[in-house]
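Colleague: Please take me through one part of this model in detail, namely how its helices pack and how its strands pair. I should like each term explained where it is used.

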Amino acid sequence: MKVLSLAMEGFGPYRERQEVDFTAFDDDIFVITGKTGAGKSTILDAIAYALYDAVPRYEGADKAVRSHFCGPDDPTSVTLTFESGGERYRVTRTPEYLRPKQRGDGLTKEKATAMLWVERAGQWEALEVALRDANARIRDIMRLTPDQFLQVILLAQGRFAEFLQADTDERLAVLRSLFGTSRFKDLEAHIREVARERSRAVETADAHLGEIVARAAAEAKVEAPRLTEREEWFAATLTGLSDVAVTAGEARVEGARLADAAAGALAKAKAVADKLARLSAARETVASLEAGAADHQAETDRLAAARRAAPVAGPARAQARAQSALADARTAREREGEMAAASAVADLAWPADLGGLGEADEGALRARQSEVAGLIGGLTSPLEAERSLPAKREAVTDAEGAVATAREALEEVEAELAAVPAERARLDGVLAQATERAARVDDAASTLARAESALEAHGRVAQIEEELRVALLAEVEASGANAAAASAHAGLVARRLASQSAHLAKDLVDGDPCPVCGSADHPSPARPTDEHVTDEEVEAAQDRLAPAKATLDEASAVVAAVKERLAAAHAQAGEGDVEQAQAAVVEARQGHELALDAVALRDQARADLAALQESEAALGEALRERRAKVDVARGALATATQAVVEAEALAAHAPEGYGSVGAYADALSEAKSLLSSLVNAAATEEDAGAAVASANLALAEALDGSGFTDADSALTAELDVDALAALETSVATYAADLAGARAVVASLGSEDLPDDPGDLEALGDRASALAHARDEAIAAETSAAGARDRFAAAQADYAQQAGASQSAREARDVALTLADSLEGRPPNERKIRLESFVLAAKLERIVAAANARLQIMSSGQYLLEHDDDKQYRNKQTGLGLRIADAHTGQSRSTRSLSGGETFLASLALALGLAETVTAEAGGIRLSTLFIDEGFGSLDGDTLEVAMATLDELRSGGRTIGLISHVEAMKEQIPAKLEVVKGPDGSSRVVAQTVL
């Protein structure tokens, strides 16, 4: 990256436009000189502001860069031309400031802007015109963050020695920003979260084990054991439950034996009683049935006659039905003949030359029926043509309408296409205006955000001022308490010293030497007075002083913190009061809403143009389609007209006496139906005569061998199905009941049965009681066995879960150990975090690059050392720096260096850091370096060494700009940028190049 030129106006102390051409100092060293406060550092501020919209010296303070010398109409802008990656770029940036309103009185806020160009073929082409887009594109081009830029290109005043003297945490934050190692911190957090999750898994597993033990204890109805006694408790409890189950099983076996014996006795008694009852009932049944033997014989004879009549009854009925059907068929044929003769189409159906219709047989009728069907078939085409004429004439009308419709649709599309150019021109105008206004939306959003932030800060100022008042009161109160405690402690110490002799005399023992004079005699030891103070009293006062001092320190820290917050709130609120801030918010919100409306209008215009283009293409396609439809409609009209002509010609001839082909076809169809009826009646009569002959033959065959002389006697003996079935059932039931009853009497009468079966009720009560006892024993055994089995299952579940819990503990321990190690905690003996370990390698490279110059600049006395030793009070390690002094052979803190030594070490470290960051950033070529102040702390010889080092950098192809008040440097470096103050206090830049 190389800075080529800078132009600024209305920026810092520079009201008029100032232009600096850095290419005049290519591959050389130049010095920026001028009086204190003239604006030397402002040149570097302008470079940083142009690239990153930030001024390093303004961090945490008022960030306004507009010159106080500017009038309301004076502009403020910074333009920087630079080279990066083989391309030349130019960025122009303006800050936010107040200017007079174009209409009316008062001021309005001018929004901050940024525009970026690139040089191509000798012309500047705009890359970005919006603030946010320009900022993002510059970051991509630079490939350096603002912090990296300030560490490797622009070594700003006040930040020069920060990296050298920073503690581990501060240095880690800088290196993290420069090298982008926050992912390692994220990894540490991820591993720590994994450890927490695994710890929660262990807690869950332990809780599950506790639930299993509680469930097992509830099952066994005992108290749960302590954690260390669980395994022995499970074994002992399971043994007890098993014993209970065995005892219950033995009781169940004995109960079942007694219940089975009682049930057997009861069953035996019931069987005897049942046999006695059955024998008595059988004897009564035999006597009753034998008394009705005559009735049974009569039913048997009737059943035999009904069975003989059944084969004759069916043919007899069929003969009667056939004779009736024949009479009906003859009557129907006579009726059909009479109706046919009276029909209007009788002559058409049966011409007179064929003879009489009544005497025609079935064959003649069928032949005439076929002739009529042939006549009907010959009318198919003329009939279809005649019937289609209305539809075809309607089709002609529809085709004429379709032609007219297609022509109208074609004319509509032609009219819409003609209107497209005018609409496109209108939308182009709307898009151009909206695009211009929409370009301000990001700036409007930024302006609104700043205005809202300032308004919010105004609200916090009043709140924090009240907090400061309360904190100051608390500090005053704590100060008074601390002063009182300190005074009391001091008084006690003074009194304690005054009474020291009494204090010593208190411990004297006769015969022992005095610790002061050595005498073993103590004739008159000192005695405590009212002013005497003991050590305990002094220590108690000291104990009271410590919390008072701590309270004061805490109150002072609170005051400092509140003041810092108040300063930050004031800085954020900016100038003006709450009303002005509210007005600024309203104005900014209106501007933002107008810009958003412009964005919406722009997007809508783009969409409308795209839709118009699509519509134009669609209309062109529709034009072709509708022209084709007109041609198709005309062809359809011609086809429909021809179809009407052909149908009219085909339907023009009908027989004499018929108005149309359809009327003649209807008469033929009616004649055909008439013949069909006569054919059917003749066929039915012939079929009925054949059926009578067949029925007579079947009846004669059925009477032969049936025992009946005629059909009537057979029909008299016949029974219907239900009566026959009932009679058969009655005869069979009688025989079966009688045989069964006689068998029971014969079987049971031969047994030796007692007269009395015994007391069935008493036997039943005993059997029921013993059965109940057996069921209770079974339930007791089932319950005991179930409790034992469920307890055993809980024991097995516990054993399995205990193994899983142990695995979870091992996994948790691994994750905790890894998390602690990555965070620099034990077992990490070096106390180096993962991110610090990675950055330590970067720091070693930085130190190596820095020492190559520091050893020369310090004449071999000093070298930087990377220090990763353990730190005081368990602080993180890995990123420490110390200075090795060859004169003493010792290493010491970098803070022990003198001002000049600090400058040399800082310069060497900055150059080493620049080289390392450059390599890490992908080999960026840094062709410009600025250093702000610090040379005044060097003696003449050391200044010569430092200048020689910078000259070495220059000879490597860099342009180096120095800001310094050192006269020797001004004399030694002929190339100068001199900042001169004018009579009005504003500044200007005068360049003096090398001759």
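The reply below takes the helix pairs before the sheets.

Modeller: The model is predicted, so local features need pLDDT of at least 70 and side-chain atom pairs count only at pLDDT 80 or more, whereas totals for chains, interfaces and linings use all residues. Residues are numbered from 1 along each chain as its sequence is written, and side-chain values use heavy atoms, with hydrogens and water left out.

Two packed helices are described by the angle between their axes and the distance between the axes. Helix 7 (residues 230-291) and helix 19 (residues 760-822) have axes that come within 7 Å and cross at roughly 160 degrees. Helices here are DSSP runs of H or I with at least four residues, strands are runs of E with at least two, and both are numbered from the N terminus. Axes are lines fitted to C-alpha atoms, for helices over the stretch in contact, with angles from 0 to 180 degrees between N-to-C directions. Helix 7 and helix 19 are therefore roughly antiparallel (an angle over 145 degrees). Their crossing is left-handed (the near helix is turned anticlockwise from the far one by less than a right angle; clockwise is right-handed). The contact of helix 7 with helix 19 comprises 33 nonpolar, six polar and eight charged residues (Ala, Val, Leu, Ile, Met, Phe, Trp, Tyr, Cys and Pro are nonpolar; Asp, Glu, Lys and Arg are charged; the others, Gly among them, are polar).

Helix 7 also contains serine 280. With a relative accessibility of 39%, serine 280 counts as partly exposed (between buried, under 20%, and exposed, over 50%, with a 1.4 Å probe and protein chains only). Although 465 residues separate serine 280 from valine 745 in sequence, their C-alpha atoms are 8.3 Å apart.

In a second helix pair, the axes of helix 6 (residues 182-220) and helix 20 come within 8 Å and cross at roughly 155 degrees. This angle makes helix 6 roughly antiparallel to helix 20, and the crossing of helix 6 with helix 20 is right-handed.

From helix 20 (834-857), a loop leads to strand 11 (862-867), and serine 858 lies in that loop. Serine 858 counts as buried at 10% relative accessibility. A polar atom of the serine 858 side chain lies 3.1 Å from the backbone nitrogen of tyrosine 862.

Strand 11 belongs to an open, antiparallel sheet of three strands in the order 11-12-13 (strands pair if DSSP finds at least two bridges between them). Strand 11 and strand 13 (890-893) are the edge strands, each pairing on one side only. On average, neighbouring strands of this sheet are turned by 40 degrees against each other, direction ignored. Strand 12 (residues 880-885) is joined to strand 13 by four bridges, and aspartate 885 has glutamine 890 of strand 13 as its bridge partner.

A further open sheet has six strands in the order 10-14-15-3-16-17, with mixed pairing. Its edge strands are strand 10 (154-155) and strand 17 (987-992). Within this order, strand 3 (residues 29-34) pairs with strand 15 (residues 959-963) in the parallel sense over four bridges, and isoleucine 29 stands opposite isoleucine 960 in strand 15.

Finally, strand 8 (residues 113-120) and strand 9 (residues 123-128) pair in the antiparallel sense over five bridges. Tryptophan 117 has alanine 126 of strand 9 as its bridge partner. The two strands form a hairpin with two residues between them, and alanine 121 in the turn has a positive phi of about 55 degrees.

Note on methods: A polar contact is a pair of N or O atoms within 3.5 Å; within protein, one must be able to donate a hydrogen and the other to accept it, and residues adjacent in sequence count only if both atoms are side-chain atoms. Angles under 35 degrees count as roughly parallel, over 145 as roughly antiparallel, 65 to 115 as roughly perpendicular and the rest as oblique.
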